[in-house]
Each structure stands twice: as structure tokens, then as C-alpha cells.
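Here is a friendly walk through one structure, with a few places worth a look. Please keep the viewer open as you read.

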Protein chains: 2
Amino acid sequence: MSPTPRERARVDTMERILTSGRQQLAEHGAAALSLRAVARDLGMVSSAVYRYVASRDDLLTALIIGGYRDLAEVAEEATTGRAAPGRRFVALCEAIYSWAREHPHQYALLFGSPVPGYRAPGGTVTDAARTPAVAIQLIEEAWQSGELAVDAPMPPAGPAVRRQAKELGAALDSALPETVLIRFAAAWTQVFGVISFDLFGQFVGSFEPGDHICTFTFRTAAHTIGFSGQIPSAR
Amino acid sequence: MSPTPRERARVDTMERILTSGRQQLAEHGAAALSLRAVARDLGMVSSAVYRYVASRDDLLTALIIGGYRDLAEVAEEATTGRAAPGRRFVALCEAIYSWAREHPHQYALLFGSPVPGYRAPGGTVTDAARTPAVAIQLIEEAWQSGELAVDAPMPPAGPAVRRQAKELGAALDSALPETVLIRFAAAWTQVFGVISFDLFGQFVGSFEPGDHICTFTFRTAAHTIGFSGQIPSAR
DNA sequence: CGCAAGAGAGAGCACTGCTCTTGCAATCGG
DNA sequence: CCGATTGCAAGAGCAGTGCTCTCTCTTGCG
């Protein structure tokens, strides 16, 4: 049952390919990610890499999945502790933001324009869902302890989006009201919207540097969800 | 003073290059935009295109600027009329959303990950600023007629972001309070955040199709800004 | 031990961006 | 009006890319 040397070598080179690809991505971006460069970096010939990776896009999706895992771990780690859920939600946003600034190319790969034709939907979705799941967990905590402002004023939600929210709640096995899930979706897009704006240079000429408006927007998102009263004041 | 035939031919081929590039972009995306393909499309040899366009990135930035102009025109047209500013703001969001769905690759080029190294800052910024300027115009209208909920509860804004908002207000020659500009920034990122989420496939497995959550989020953004009471109910 | 499967090497095809040189045509100055 | 200058297009070519094919050598299993 112990792995043969060949198998060991295989997973080892596979790992080296992924590591090199990750490095290429971090340094030069997804557009410059080249299988030949990875091969050069590893001291092998380009055709040999195809024994491990079916195509360039294949490597890219592997890196995407790894990125989602990375981010999810950061998110899970950032929300440990006993602070109020609202504070932990803001901490989660800040952690995502920090990760994005430290790994801008990875972030762009995950949340920027899809690179090839479209996102590969395979195992990507489950890994991608981990990070929002952390946020929903916080909301659920706040709701169960009665800390969530469920009746905060909000625009009316149409029947279609209510149904989607209901189905999502069922799929997540969550007892949260649909309105809360809907508000969460709106707030969640806000969090990533402001991070993307900052990283992709949309704040040039206005709110620059963007970290202050990001901090404010994270609190606004928490407010939108209903974490009112627990939001830490800005530094 | 009349343009010589040579000059006419020059601007003509320049236009044809841009048109072909726009088409390439719309059909196959920015990654597949190829100067050689443009040359083939126009029946000329690739080196000849370099008489008109310095590089591939050069053509790309030209298309970016054109995209910003396109979007700005859509935005300006969508906000004509005498409806309440809040309603016109939502109409603006919907118009942006429609444009994005009709031109997903252009939208990705403008608001997705920056393609080459970084966004060319030259004349891009002024064109990019036109669309948010439309929104700010609406806010100003609402404010001047006292329709804006200036005292709506909001998270505290730190001194840094207040200063940025003050400078932005001065640059825009706007009399709006800083808090309103800050709230606008947070709401604006929300609008583009939800559109990007939808177009880039982040709603797969949750709020799919995304148009309903987009509609709701646009209203939430309007609510965040302070257009309360004027927001049209969902269909 | 022998033979099939795995792994790397190399050549090669079609494509890309971009540069350089060459030849032709239009424009302008005298 | 004619020669010189300038602008434009074409072609070849370089370096790089993704990907496929064949060939060779090693590994490991029966």
C-alpha cells in the first residue's frame, strides 16, 4: 500500500508544477502564466508538463481552486474568537481585503473577469462557497442570539428573489429568514465590489488610497445586513 | 484646409481598425484580441497595422476609452426625464446593467481585472468619471430639493475618508456634504459589485439568474445613498 | 526476467507580438 | 512640372506561446 517511488515522484512534480504556477501567477499575473515558463522553471521540457496538466487552462483552474481554498482558510481563521458577530464580520471583510492586497493576481483570477471562456464549474463552486459560508455562519449566530436587526428598513424584494433566497436557505440548511439572506447577498457584493474597485484602480482620482473607503464600506455592509450596534467605530 | 485624400484614408483605416478590434473584443473577449486577426479582417498585413497602432495594448486602451464613452452615453441617456431622482438613479443602475449584459467583454475590460500590467491612466480617467458624474448629478438634485435623507443612520466615517470626500467634493465643485459622497461611494461599489458578481459567474448555485438580486441591490444602493421614499418597488 | 506502462526529450505545427528592410505611391517644394 | 521627401503597405524574420506527435529510456508489475 505504500506509494511506489514512481508515484511519489509523480505527486512531487505535480506539486512543483503547481507551486511554480502559483509563483508565476503571483509575480506576473494570469495573462503571463505560461506552461513553457513553468517547464523551464522546473528544468524540464514543455511537453513533459503535459503528462501532468492537460492544458494551460487546466493549470489555471487548479490555481483558481487553490486560491478559493486559500481565501477560505483566511476567512475561517479571521472569524475565530468570541467577539460580537458584527465585529467578526468586519474582521472577516478586512481579512479578505488584506488577502486580496497581498495576492492581487490571485484575487483578480477569482473575482475579476473570467480568463478563458467561462469559469469551470466543476469542483470550483464548493470551494468558492466556503468563504460566504463563514459570513452566513456569523449572521446565524447573531440571529440566534437576537442581536440581528431583522426588521431594519429595506427596499421591497420581489417574489423571484425571495424564492431564490428560500431555496438557498434550504440548500444551506439555514433557518434564516429570506430577507436576511437577500440583504446578505446585497452586502456581500458590496464588500467585493469595493475591494475590486480598489485593486483594479477604479478609485484613481477619487478615494485614493482606497483602504479608508474600504473600511467604511465594510461597516456599511455590516449595517445593511443588520449587525447594527455591534459595528466597531473606524480607527 | 480640407483633408487630403491621404489624411482621409488614414482616419478611415484607423476607424476600420477600431471597429474590427471592437468586434473581435465583443465576440471573443479581450484575451483573444489579436492584432494579426484585425489585420486579416481588414485584408492587410500585420505589420501595416503598426502604422496606426503602436501595440496591442495600445489598441486595447483605445477600446477601453471607447467603452467608457459608450457607457457614459448610455448613463446620460438613461437619466433624462423628470422622474424623481431616486427613480432615475435606479433607472441608471438598470441601464448600466443592461449595457453590461449586452457587452460583457467590454464590461469585463472596464471593470474586470486589468489586462496588461496596469490601467493606462492618461485620458482614461476623465472618460471613466462621466458615468459616476451622472449619478452624483442626481444626488445633487435630490439634495437641493430636500428629498435626500441626509441624516440616515450610517456607520461612523474616519477622518481620512472624510478628508478624501472633502477633496473630491471640491474637485467636483459640489456642495454635497462629505457624508453623502462617502455613502455614494459605498453604494456605487455595490452597484458594480453585484453586476460583476452576476456577469462573472459568482452567483452560480445561489442567486441564479442574477437579475433579480441585481434589481434588489440597486434599490438597496439607492436606499444607502438616501433616496428613501422615492425608490420604485420591485416588479 | 520480460513486457507493458510511465516519464521525459525533441521536433514540429500553427499561432502570437513586434521589428526591420524593401518597394511603391502620394505629396510637397523649387 | 519634376525631383525629393514622406507615408504606406508588404514581406521576411525573430522570439515566444499552446499543443501534438514520435522516440527513447526507465520503472514496476506479473
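A residue counts as buried under 20% relative accessible area, as exposed over 50%, and as partly exposed in between, with a 1.4 Å probe and protein chains only. Glu73(A), with 48% relative accessibility, is therefore partly exposed.

A word on the ground rules. This is a predicted model, in which local features need pLDDT of at least 70 and side-chain atom pairs count only at pLDDT 80 or more, while totals for chains, interfaces and linings use all residues. Residues are numbered from 1 along each chain as its sequence is written, chains are lettered from A and ligands numbered from 1 in the order in which they are written, and side-chain values use heavy atoms, with hydrogens and water left out.

**Around Glu73(A)**

Glu73(A) sits in helix α4 (residues 56-78) of chain A; helices here are DSSP runs of H or I with at least four residues, and strands are runs of E with at least two, numbered from the N terminus. Its C-alpha atom is 9.9 Å from that of Val134(A), although 61 residues separate the two along the chain. Chain A as a whole is divided into domain 1 (1-53) and domain 2 (71-225), with bounds that come from an automatic or database domain assignment. The C-alpha centres of these two domains of chain A are 33 Å apart.

**Where the chains meet**

Across the interface, 56 residues of chain A are in contact (heavy atoms within 4.5 Å) with 56 residues of chain B. Together the chains bury about 4300 Å², 72% of it on carbon and sulfur atoms; buried area is the accessible area (1.4 Å probe) that two parts lose on being put together, summed over both. On the chain A side, Gln164(A), Phe207(A) and Phe216(A) lose the most area to chain B, together 16% of what that side buries.

Which elements of chain A give two or more residues to the side that touches chain B? They are α6 (104-111), α9 (159-172), α10 (178-199) and α11 (211-225), and α10(A) gives the most, with 13 residues.

**Helix α2 of chain B**

In helix α2 (residues 35-42) of chain B, the buried residues are Leu35(B), Ala37(B), Val38(B), Ala39(B) and Leu42(B). Their cover includes α1 (5-28), α3 (46-49) and α4 (56-78) of chain B. At the start of α2(B), a side-chain oxygen of Ser34(B) comes within 3.1 Å of the backbone nitrogen of Arg36(B). After the helix comes Gly43(B), with a positive phi near 75 degrees.

**Backbone details in both chains**

Most residues other than glycine have a negative phi, and most peptide bonds are trans. The table lists four places to compare with that.

| Place | Feature | Value |
|---|---|---|
| Glu208(A) and Pro209(A) | cis peptide bond | omega about -5 degrees |
| Glu208(B) and Pro209(B) | cis peptide bond | omega about 0 degrees |
| Asp173(A) | positive phi | near 60 degrees |
| Asp173(B) | positive phi | near 60 degrees |

Pro209(A) belongs to the loop between α10 and α11 of chain A, and Pro209(B) to the loop between α10 and α11 (211-225) of chain B. Asp173(A) is in the loop between α9 and α10 of chain A and is exposed, at 72% relative accessible area. Asp173(B) lies in the loop between α9 and α10 of chain B and is likewise exposed, at 72%.

Is Ser174(B) buried or exposed? With a relative accessible area of 13%, Ser174(B) is buried.

Terms used: A polar contact is a pair of N or O atoms within 3.5 Å; within protein, one must be able to donate a hydrogen and the other to accept it, and residues adjacent in sequence count only if both atoms are side-chain atoms.
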